[in-house]
Amino acid sequence: MTDVTSVPVPHTELSAAEARRLALHAQRLIGVPDRRGGVAGLLQHLGAVQLDTISVLARSHELVPYARLGAIGREAIEHAYWNHEAHGASTFEYWAHAACILPVQDWPTFAYRRAAFRARANGGWGMPTTGEAEAMVLGKLRDEGPCMTSDFGGARKSAEWWDWSESKVAVEKMLATGDVVCVERRGWRRVYDLPERALPKAVLDAPEPTREESHVRLLAQAGRRLGVGTIGDLADYYRLKIPDAKPLMERTGLIPVTVRGWSHPAWADPAALELLAAGGPRGRHRTTLLSPFDSLIWERDRMERIFGMVHRIEAYTPAAKRVHGYFAMPLLAGGKLLGRVDPKREGKTLVARKVSLDTANAVQPMADALREAALWVGCDAVAVEQVTPPTAAGALRIALS
């Protein structure tokens with residue numbers, strides 16, 4: 001990306017409601033869903049979709065397109081993410097916000113991060129690896145083609161989750177350094193390959209920006225994908241570690257703004273501000289359940305600023321201490337977060353284990369969202385267990401019936 005020439009711009013003040021609308025529009029959660037590009041087009045627009053092992057309603061990388069495109073086929077989602085074309089893969093997996101699926105054109109942008117891993121002892125993993133183990137991995141990939149961890153002898157030395165085998169440590173280090181690449185998963189297991197075989201030649205031959213150029217590029221991309229955000233919000237999108245990002249901001253093309261109620265200055269996508277000035281964004285708000293790993297709500301402080309909801313993932317909290325449940329999914333309706341639900345599937349029934357409703361107006365949207373989610377995952381019934389406040393339980397069950 002060519003740096004944008006710095007020109008004077010008026011300092012813009014946004015209301016909290018305007019900031020929320022820009023955020024929802026940037027994340028494709030306002031308006032009629034554009035299905036023409038499908039999941040692949042959505043990934044290009046969002047720039048990154050987080051992967052996570054937890055599968056309750058569905059895995060998080062499935063929930064992100066579902067929230068925006070509706071009940072799209074789950075096989076179509078997987079195909080869009082792991083689509084090998086004749087000239088090379090269209091996506092790759094790497095450490096961005098966390099482990100994420102990324103558009104393949106971003107491969108050069110993360111060269112600085114791969115170099116940083118390479119410069120650290122043991123690739124930054126804190127676990128020793130050997131040249132012999134790495135040579136074995138590369139040799140097997142050269143000789144046999146794409147491999148999973150099991151093809152290298154298995155992931156673990158014992159049953160303990162942390163007790164990685166030498167080959168597992170080696171291949172994960174090499175994934176971080178870019179010596180191997182993951183462009184496919186099978187049954188949730190990574191499939192590793194050589195970059196020169198898996199990635200398009202044009203991507204491999206593209207100039208690699210410097211660390212600073214990459215930071216400018218990624219901050220600019222984050223601005224487009226958030227609509228408006230503080231420097232902390234923008235840096236968090238790709239987990240950028242920049243001691244002082246302010247000097248870089250005028251090179252991003254983003255416009256400095258203030259948002260009423262925010263304690264820090266913010267920066268906005270100029271296209272989003274033009275849309276706002278023209279009376280937009282317009283369109284129907286999506287009513288849906290969000291993965292707690294959805295990019296709309298990645299940064300929890302930002303989530304609280306924009307939606308007024310304090311949310312924590314409680315999967316690793318002891319069950320007796322959980323407030324909202326193991327995998328509580330926020331309810332988005334009318335451009336606001338109105339509650340949350342902790343779902344699970346039991347056969348053909350979607351069970352809402354814990355439902356928390358922040359307002360009486362949330363009953364019908366929660367019922368609608370639960371019904372749609374149930375149909376999407378192949379359930380034909382919805383059962384409700386615990387509801388907060390308890391006085392809303394009857395109304396919710398009636399709305400579901």
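Leaving out neighbours within four places in sequence, T177 is in contact with R114, F117 and R118. That's one stop on a quick tour of this predicted model, which also takes in helix α14 and the interface of domain 1 and domain 2.

**T177 and its surroundings**

- You'll find T177 in helix α7, which covers residues 166-177.
- T177 counts as buried because its relative accessible area is 2%, and the cut-off for buried is under 20%.
- Its side chain has a polar partner too: the side chain of T177 makes a polar contact with the side chain of D179, at 2.6 Å.

**Helix α14**

- Helix α14 runs over residues 300-307, and its buried residues are R300, R302, M303, I306 and F307.
- Look down the axis of α14 and those buried residues fall within an arc of 155°, so they line one face of the helix.
- As background, residues three or four places apart point the same way in an α-helix, because there are 3.6 residues a turn.
- What do the buried residues of α14 pack against? On the helical side there are α1 (16-26), α10 (211-226) and α11 (231-237), and the strands are β9 (228-230), β13 (329-333) and β14 (336-346).
- The N-terminal end of α14 is capped by E299, with a side-chain oxygen 3.0 Å from the backbone nitrogen of D301.
- Just past the other end, G308 follows α14 and takes a positive phi of about 70°.

**Two domains and what lies between them**

- The domain assignment splits out domain 1, made of 30-153 + 163-205, and domain 2, made of 309-399.
- Domain 1 puts 12 residues into the contact, and domain 2 puts in 14 residues.
- Measuring from centre to centre on the C-alpha atoms, domain 1 and domain 2 are 31 Å apart.
- How much area is buried between domain 1 and domain 2? It comes to about 1300 Å², and carbon and sulfur atoms give 70% of that.
- Salt bridges don't feature here: the rule finds zero across the interface of domain 1 and domain 2.
- Polar contacts do: five residue pairs are found across that interface, with both residues at pLDDT 80 or more.
- On the side of domain 1 that touches domain 2, the elements giving two or more residues are α3 (60-69) and α4 (74-81).
- The largest share of that side of domain 1 comes from α3, with three residues.

Terms used
Residues numbered from 1 in each chain as written. Heavy atoms only, no water. Buried < 20%, exposed > 50% of the residue type's maximum accessible area, 1.4 Å probe, protein only. Helix = DSSP H or I, 4+ residues; strand = E, 2+ residues; numbered from the N terminus. Arc of directions from axis to C-beta. Contact = heavy atoms within 4.5 Å. Polar contact = N/O pair within 3.5 Å; in protein donor to acceptor, adjacent residues only side chain to side chain. Domains from an automatic or database assignment. Buried area = accessible area lost by both parts, 1.4 Å probe. Salt bridge = Lys/Arg side-chain N within 4 Å of Asp/Glu carboxyl O.
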